[in-house]
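Open the model in your viewer and keep the sequence panel visible. The tour below goes from one selection to the next.

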Amino acid sequence: MSVALKEAQEFLADHWSPDVDRRAWMELVVDERWAVLRWPEEWYGRGLADDEAKEVEALFAAAGAPGPGQDITNLWAGTMLAGGSDDLKRQFLRPLLLDQVAMCLLYSEPGAGSDLAGIRTSAVRDGDEWIVNGQKVWTSGARGADYGMLIARTDWDQPKHRGITFFWFPMHQPGVEIRPLRQATGDARFNEVFLTDARVPDSHRLGELGGGWWVLQTALAYERAAMGATRRGPATGVLGATGRAHGRIPAADVSLLDLARRVGKADDPAVRQALMELHCARTVNDWNAERAKAVMRAGGSSPLASLGKLAFSQILHRAGRLQGHLLGVEATLDGDEFPTARDHNYSQLNAYFFSIGGGTDQIQRNIIGERILGLPKEPEVDRDVPFREVPASGQPRR
Ligand SMILES: Cc1cc2nc3c(=O)[nH]c(=O)nc-3n(C[C@H](O)[C@H](O)[C@H](O)COP(=O)(O)OP(=O)(O)OC[C@H]3O[C@@H](n4cnc5c(N)ncnc54)[C@H](O)[C@@H]3O)c2cc1C
């Protein structure tokens with residue numbers, strides 16, 4: 001038995017009980033360095049190898065004790081660890097691990113979503129600060145967020161990927177205007193964010209000046225892995241604003257089985273076939289998610305996360321269609337008087353969250369084609385051109 005496993009046994013025996021105060025428990029887990037086992041000791045971790053960490057995680061899980069695993073799932077803390085200065089890490093890592101900082105992702109813009117390297121929000125240096133102007137869109141959880149992970153263009157003479165810088169951007173300031181957007185589901189959980197002479201200190205920069213694209217890749221890999229690994233609902237702290245903001249996740253195969261029984265279709269061979277296919281797809285996707293996580297644990301960013309995210313979005317659409325088939329004409333109803341139909345409608349529409357957010361299905365296919373199957377890269381005519389010379393539809397050159 002490893003030293004860590006023995007210590008974990010003692011820790012659980014001394015401190016864990018199902019009735020402990022949840023907040024106090026999480027503080028103890030973080031401070032006693034059980035939350036991020038693979039991280040270095042100086043940053044709340046134990047520097048464990050993946051196999052050892054998994055044993056400890058399994059021990060906590062068997063005891064029903066929450067806490068470990070954030071080194072794989074906590075997008076915000078993981079990105080901070082990867083790109084933040086020691087001062088930023090000291091200031092933010094603990095509150096992030098305790099879920100005490102509300103965060104959002106300031107990436108997408110009206111003219112740059114799939115092609116994020118085409119962002120046009122600019123940051124201009126002013127002493128120890130940067131002045132930020134531009135517009136972000138689809139920003140989940142922007143209302144109520146304390147900070148946003150912002151990508152902004154700091155050098156217009158570099159080609160598109162090289163002039164971008166990544167900031168830990170304070171949201172509570174006069175230059176930030178947030179307007180909610182209404183979604184097809186009826187929710188209004190994401191927003192437009194207008195940045196007008198907003199400010200961010202240079203000390204809140206993650207990574208090198210002009211090196212934001214590479215910090216972004218770490219953050220995106222966390223997001224995709226989390227989305228691909230999601231089963232019945234977003235795991236705590238995984239998707240942060242994105243996941244939590246999109247709350248209900250479509251019914252899993254187990255509740256579809258219950259539904260099939262309830263509507264008397266559980267013996268229908270076509271329904272049984274569809275249920276089984278869905279179950280197999282979920283199971284294979286879980287295995288795939290484990291493979292992707294293993295690569296991430298070893299410090300890599302895996303294109304397998306794209307496979308998992310794509311598969312999960314397909315599973316959600318299939319589950320929604322099957323649910324509709326089981327409900328029959330009831331699926332055409334909506335509203336609180338018809339909760340099953342209402343949930344079905346929500347599930348079907350919300351499945352698009354997973355096929356668009358965090359990179360669309362088509363983009364995941366491109367990544368899989370290029371990085372897993374080894375197909376030729378898409379032609380990119382603007383890749384090596386100074387960004388200032390790249391024309392933007394409807395916008396003047398700068
Ligand atoms: C629920 C939800 C939450 C979101 N939350 C956030 C958030 O918190 N922060 C944030 O910054 N963004 C967020 N987004 C935005 C999301 O990341 C973008 O919508 C997504 O990356 C697609 O960009 P776009 O909407 O500009 O579409 P576009 O990039 O304009 O794409 C339009 C269509 O063209 C296809 N396409 C584009 N390029 C290619 C290509 N090279 N090859 C093949 N097909 C292509 C796309 O797949 C898509 O079907 C969220 C989106 C959703 C739906």
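A residue is counted as near the ligand here if its C-beta atom, placed from the backbone, lies within 6 Å of it. Keep in mind throughout that this is a predicted model.

**Stop 1: the ligand**

Select the ligand and its surroundings. The shell holds 22 residues, and the closest are Tyr-107, Gly-113, Ser-114, Thr-360 and Gln-362. Now colour by secondary structure: strand 1 (103–106), strand 3 (129–140), helix 12 (339–356) and helix 13 (361–372) each contribute at least two residues to this shell. Coloured by class, the shell shows 13 polar, eight nonpolar and one charged residues. Domain 2 (103–211) and domain 3 (219–372) each supply at least three of the shell residues.

**Stop 2: the whole chain**

Zoom out to the full chain, where 13 helices and eight strands are assigned. The C-alpha trace spans about 70 × 55 × 45 Å along its principal axes. The radius of gyration is 22 Å, which agrees with the value near 21 Å for a compact globule of 398 residues. Of those 398 residues, 41% are buried. Among contacts between residues at least 6 apart in sequence, 68% join residues at least 24 apart.

**Stop 3: the domains**

Colour three ranges separately: the domain assignment gives domain 1 (3–97), domain 2 (103–211) and domain 3 (219–372). Then select residues 104–194, which an unreviewed UniProt entry annotates as "domain: Acyl-CoA oxidase/dehydrogenase middle". This span is 49% strand and 0% helix, and its end C-alpha atoms lie 14 Å apart.

Next, show domain 1 and domain 2 together. Their centres, taken over C-alpha atoms, are separated by 30 Å. How many residues of domain 1 are in contact with domain 2? Seven are, and they meet eight residues of domain 2. On the domain 1 side, helix 5 (75–83) and helix 6 are the elements that give two or more residues. Helix 5 gives the most, with three residues. By class, this side of domain 1 has four polar, two nonpolar and one charged residues.

**Stop 4: two residues with positive phi**

Most residues other than glycine have a negative phi. Go to Tyr-44, in the loop between helix 2 (22–31) and helix 3 (50–63). The phi of Tyr-44 is near 70 degrees, a positive value in a residue other than glycine. Is Tyr-44 buried or exposed? Tyr-44 is buried, because 24 other C-beta atoms lie within 10 Å, and 20 or more are needed for that label.

Move on to Asp-99, in the loop between helix 6 (86–97) and strand 1. Asp-99 is not a glycine either, but has a positive phi of about 60 degrees. With 18 other C-beta atoms within 10 Å, Asp-99 is partly exposed.

**Stop 5: a loop between two helices**

Finish at Ala-266, in the loop between helix 9 (253–262) and helix 10 (269–297). Ala-266 counts as partly exposed because it has 15 C-beta neighbours inside 10 Å. Show its contacts: leaving aside neighbours within four places in sequence, Ala-266 is in contact with Ala-260, Arg-261 and Val-271. For a last distance, pick the C-alpha atoms of Ala-266 and Leu-256; these residues are ten apart in sequence and 9.7 Å apart in space.

Terms used:
Residues are numbered from 1 along each chain as its sequence is written. This is a predicted model: local features need pLDDT of at least 70, side-chain atom pairs count only at pLDDT 80 or more; totals for chains, interfaces and linings use all residues. Helices (H or I, at least four residues) and strands (E, at least two) are DSSP runs, numbered from the N terminus. Ala, Val, Leu, Ile, Met, Phe, Trp, Tyr, Cys and Pro count as nonpolar, Asp, Glu, Lys and Arg as charged, and the others, Gly among them, as polar. Domain bounds come from an automatic or database domain assignment. A residue is buried if 20 or more other C-beta atoms lie within 10 Å of its own, exposed if 12 or fewer, and partly exposed in between; C-beta atoms are placed from the backbone. The radius of gyration is taken over C-alpha atoms; the globule rule is 2.2 Å times the number of residues to the power 0.38. Two residues are in contact if their C-beta atoms, placed from the backbone, lie within 7 Å. UniProt positions are given in the numbering used here, feature names are shortened, and annotations may be inferred rather than shown by experiment.
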